[in-house]
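Colleague: I'm new to this one, so could you walk me through a single part of it, the place where the ligand sits? Take your time and link things up as you go.

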Amino acid sequence: MGQFAVIGLGRFGSAASLELMKMGHSVLGVDTNGKVVDKLADQITHAVIADVTDREALEELGLDNYDVVLVAIGEDVQASLLCVVHLKSLAISTIWVKATSHAQHLILSKLGVARIIHPEEEMGIRVAQALSYPMVNDY
Ligand code: ATP
């Protein structure tokens, strides 16, 4: 069983959190929005309100015990990048980040992030594969 932290519980972050729970993993979800955190509180291992642009708040989450920290903040690129810089300075080893632009991708790759996710492109490829090979359609 893995231990994962998901930062940003929008559509992407909450779907990833719930799927990880279904697979039997432990999930800490973090968001600034109390409503979003309340909604997921009963469905994931821990749900916490915190602003991850605040280094101290991030440090208090004790993320060094987690296998992977997934940063799933979309719109606010500055918040996402600042969070990654803080995670790096806290020596978090494996960071995955949802990216929204080429510029963000470039910065994230310079920061040494383990995996940069482009949901639209990746989903487009999966849909093309599903259309081409309907017999191995997995969703
Ligand atoms: P999705 O497409 O997954 O719904 P999105 O790409 O529209 O998301 P946002 O809604 O901008 O992305 O961000 C996802 C979540 O991240 C939101 O619930 C938002 O409250 C949260 N978030 C944004 N900034 C911070 C922050 N500084 N600290 C913690 N959570 C944050």
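Modeller: Sure, let's start with Asp51: an N or O atom in its side chain is 2.8 Å from a nitrogen atom of the ligand. Keep in mind that this is a predicted model. Go one residue along to Val52, and there a backbone N or O atom lies 3.1 Å from a nitrogen atom of the ligand. Now look for an oxygen atom of the ligand: a backbone N or O atom of Arg11 lies 2.7 Å from one. Taken on its own, the ligand has 630 Å² of accessible area, and the protein covers 80% of that. The space it takes up is the second largest pocket.

Who else is around? There are 17 residues around the ligand, and the ones that come nearest are Arg11, Phe12, Asp31, Asp51 and Lys98. Asp31 is a handy link to the fold, as its bridge partner is Ile49 in strand S3. To get there, the chain leaves S2, passes through helix H2 (residues 34-40) and arrives at S3, making a right-handed β-α-β crossover. The two strands, S2 at residues 26-31 and S3 at residues 46-49, run parallel and are joined by 4 bridges. So much for the strands; to finish back at the ligand, Asp31 and Asp51 are both among the residues that come nearest to it.

Notes: Residues are numbered from 1 along each chain as its sequence is written. This is a predicted model: local features need pLDDT of at least 70, side-chain atom pairs count only at pLDDT 80 or more; totals for chains, interfaces and linings use all residues. Side-chain values use heavy atoms; hydrogens and water are left out. Two strands pair if DSSP finds at least two bridges between them. A crossover is right-handed if, with the strands pointing away from the viewer, the path from the first strand over the helix to the second runs clockwise. A residue is near a molecule or strand if one of its heavy atoms lies within 4 Å of it. A polar contact is a pair of N or O atoms within 3.5 Å; within protein, one must be able to donate a hydrogen and the other to accept it, and residues adjacent in sequence count only if both atoms are side-chain atoms. Accessible areas come from the Shrake-Rupley method with a 1.4 Å probe; for residues, only the protein chains shown count as cover. On a 1 Å grid over the protein atoms alone, a cavity is a set of points where a 1.4 Å probe fits but cannot get out, and a pocket is an open set with protein on both sides within 12 Å along at least five of seven lines; lining residues have an atom within 4 Å of a point. A molecule sits in a cavity or pocket if more than half of its atoms lie within 2 Å of its grid points.
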